[in-house]
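Please examine the interior of this protein before turning to its surface.

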Amino acid sequence: MATTPGGPAAEPTARRDRYAGPPRYRAVPRWGLPVGPWRIAPVPGEGPLRPVDRARALAAQLVPVLWVVVVVSGVAAVAEVWRYVLLLFSRSDALSPEAVGVSDALVWFGGWSSVVATIAAGVLMISWSLWTYRAAADRAGTRAWRSRRWVVAGWVVPGWNLVAPGSLLAETEHAALDLPPERRPSPSRELLVWWALWAACVVLGAVVLVWRFRTGTQALADGVVLHAWADVLAAVTAWRTIRVVRLLTALLATRPQGPRQLLVSATAGTAGAEPAVPVGAAAPQAAPTAARVPTTAADPAN
């Protein structure tokens, strides 16, 4: 068998194409996740989803996650209190290995589960605030002048996150209440309470992180107390956040639409019709020619 000088010829290697990025589609693919809280089915004939629809879908995901934060933060607080009680008992007597093991397991579970749940709730909260802010701007007929980067930075930048989230939600509430855009927003009591709890939670969380660098027996015992208060405050703040999310989402809900009927009076010699009585009232006796005509105008009472 004849061969080329130097041995048999090497087989050609398959050529690999360079990665050109994710696939692109000319139209929205019909495959994907089923309809649920994570994906809303578009309404036929109404075009793309509105910001208020996305905000309502995110609220449906955010509220259960916040309830998880409430539960795991409560478990973490109980674990820290139990650890502090063991520290008090250890001053005069030896502790059993079982009690110490249960305490360590509770602290480990409560601490890490609360961290994971808080991160998940934070991501959903930022997304929800973005879409509610856009929905409020659409409702007021104005342009959302705060950019996406401004909103995200206002939630995560230390120091700035003490005031930016409250002012953002105050503007959202102002527009959701159909107040004049030129008027300065005045937060409601519900929002002010949440704002104070949020700021206190951020400050106490920073203190707890700095306290971890201290050493000594008394510093460790004081750190257990700080962790317990931080967990309690986190649970209360998450509970108040649920109320704020439900409140703003309900305010941004669309008004009832559809054909309505107004009673109008048609008199001879007039060019147009004039409303005689509000919606749902009985026809007056002095206007026998009154007729009900369909209209799509919004009811001022609503």
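The paragraphs below treat the core, one helix and a surface patch in turn.

This is a predicted model, in which local features need pLDDT of at least 70 and side-chain atom pairs count only at pLDDT 80 or more, while totals for chains, interfaces and linings use all residues. Residues are numbered from 1 along each chain as its sequence is written, and side-chain values use heavy atoms, with hydrogens and water left out.

The largest nonpolar core (buried Ala, Val, Leu, Ile, Met, Phe, Trp, Tyr and Cys residues joined through side-chain atoms within 4.5 Å) has 29 residues. Buried means under 20% relative accessible area, exposed over 50%, and partly exposed in between, with a 1.4 Å probe and protein chains only. Among the members that touch the most others are Trp-128, Leu-169 and Trp-194. The elements giving two or more residues to this core include α2 (97-140), α4 (164-176) and α6 (217-251); helices are DSSP runs (H or I, at least four residues) numbered from the N terminus.

Helix α4 is largely enclosed by the rest of the structure, because 11 of its 13 residues are buried. Those buried residues pack against α2, α3, α5 and α6, contact being heavy atoms within 4.5 Å. Leaving aside neighbours within four places in sequence, Leu-169 is in contact with Met-125, Trp-128, Leu-191, Trp-194, Val-244 and Leu-248. After α4 comes Asp-178, whose phi is positive, near 60 degrees.

On the surface, Tyr-84 lies in helix α1 and is partly exposed, with a relative accessible area of 31%.
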